[in-house]
Amino acid sequence: MSMLDQIPVISEAPRAGRETRRPAAGAQAAALPASAPGRRTFLRTVVVGGTALAMTSLGWITDRMAAYAVSRTTRHASHCMGVNVSGDTPCWGRTSISSSHCASDHYHRTDSGGSGSSYWYDYNWVAACGGAAGWYWSSSAGKWNCWDGDFDQWVSGSSASGYTTICKYKYA
C-alpha cells in the first residue's frame with residue numbers, strides 16, 4: 001500500500017457561498033471565546049519579551065567587560081602575579097613606563113584634557129596585575145610602586161594612538 005492510497009476520497013460536492021445560521025427570535029447568543037488577545041495582554045507580552053531580551057543582552061555585555069572589585073589604590077600583595085624580573089628594572093610589562101603617568105597622589109593618572117577638537121587625551125587605571133591596580137618592586141636601586149593604566153589620544157577627531165602605561169613611583 002502506497003502513501004497515495006491512504007489519502008481519503010472526498011465525495012461531497014463543493015458549494016458556493018457561506019451558510020449562515022440566524023438565532024431564533026428571542027434567543028440569546030452564546031458567549032463567544034475571544035479570538036485575539038486584548039490590548040493589555042498584548043502590551044504585557046511585549047513588555048515581558050522586551051525585558052527578557054534586554055536582560056539577556058546585558059548578560060552578554062557584562063560577561064565581556066572587566067569587573068573590578070578593586071580601586072585605583074589597591075596594590076597586589078607582592079610582585080605582580082609572583083613574577084620578579086631579575087635586575088634593576090622596576091615596573092615591567094607595559095608599553096610606556098614613566099613617572100609622568102603618575103598623578104600628584106603618586107597613583108596612576110585618571111585625567112583627560114586637550115585643546116578643543118584638534119587634540120584630546122585620556123588616562124585611566126587598569127587592574128592588570130592579578131586583579132590589582134598595582135604592585136611594589138624592590139631592587140638594589142630602591143623600592144618602587146608600579147600602577148597599571150592606559151593612555152589614549154585623539155588628533156583631529158580620530159584616535160591617533162593608545163597604549164598601556166605604568167606609573168612608576170620611587171618611595172623611601
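**Close-up views of a predicted model**

**View 1. Here we look at K170 and its surroundings.** K170 counts as partly exposed because its relative accessibility is 44%, which falls between buried (under 20% relative accessible area) and exposed (over 50%), using a 1.4 Å probe and protein chains only. The residue is found in strand β6, residues 158–171; strands here are DSSP runs of E with at least two residues, numbered from the N terminus. Now find N145: it sits 25 residues away from K170 along the chain, yet their C-alpha atoms are separated by 6.3 Å.

**A quick note on the model.** This is a predicted model, so local features need pLDDT of at least 70 and side-chain atom pairs count only at pLDDT 80 or more, while totals for chains, interfaces and linings use all residues. Residues are numbered from 1 along each chain as its sequence is written, and side-chain values use heavy atoms, with hydrogens and water left out.

**View 2. This one shows the hairpin of β2 and β3.** Strand β2 (residues 112–115) pairs with strand β3 (residues 119–125) in the antiparallel sense, over 4 bridges; to count as a pair, two strands need at least two DSSP bridges between them. G113 has Y121 as its bridge partner, and G114 has W120. Between the two strands are 3 residues, and G116 in the turn has a positive phi of about 65 degrees.

**View 3. Next up is β3 alongside β5.** These two strands run antiparallel and are joined by 7 bridges. Look for D122, which stands opposite D152 in β5.

**View 4. Here is the largest nonpolar core.** A nonpolar core is a set of buried Ala, Val, Leu, Ile, Met, Phe, Trp, Tyr and Cys residues joined through side-chain atoms within 4.5 Å. This one has 7 residues: C91, C129, W135, W137, W144, C146 and I166. Both β4 (134–139) and β5 (142–155) supply at least two of them each. Another core, of 6 residues, lies apart from it and includes W125, A127, W147 and C167.

**View 5. Finally, how confident is the predictor?** That confidence is pLDDT, given for each residue from 0 to 100. The chain has a mean of 76, with 68% of its residues at 70 or more. Among its elements, β3 has the highest mean pLDDT (88) and β4 the lowest (76).
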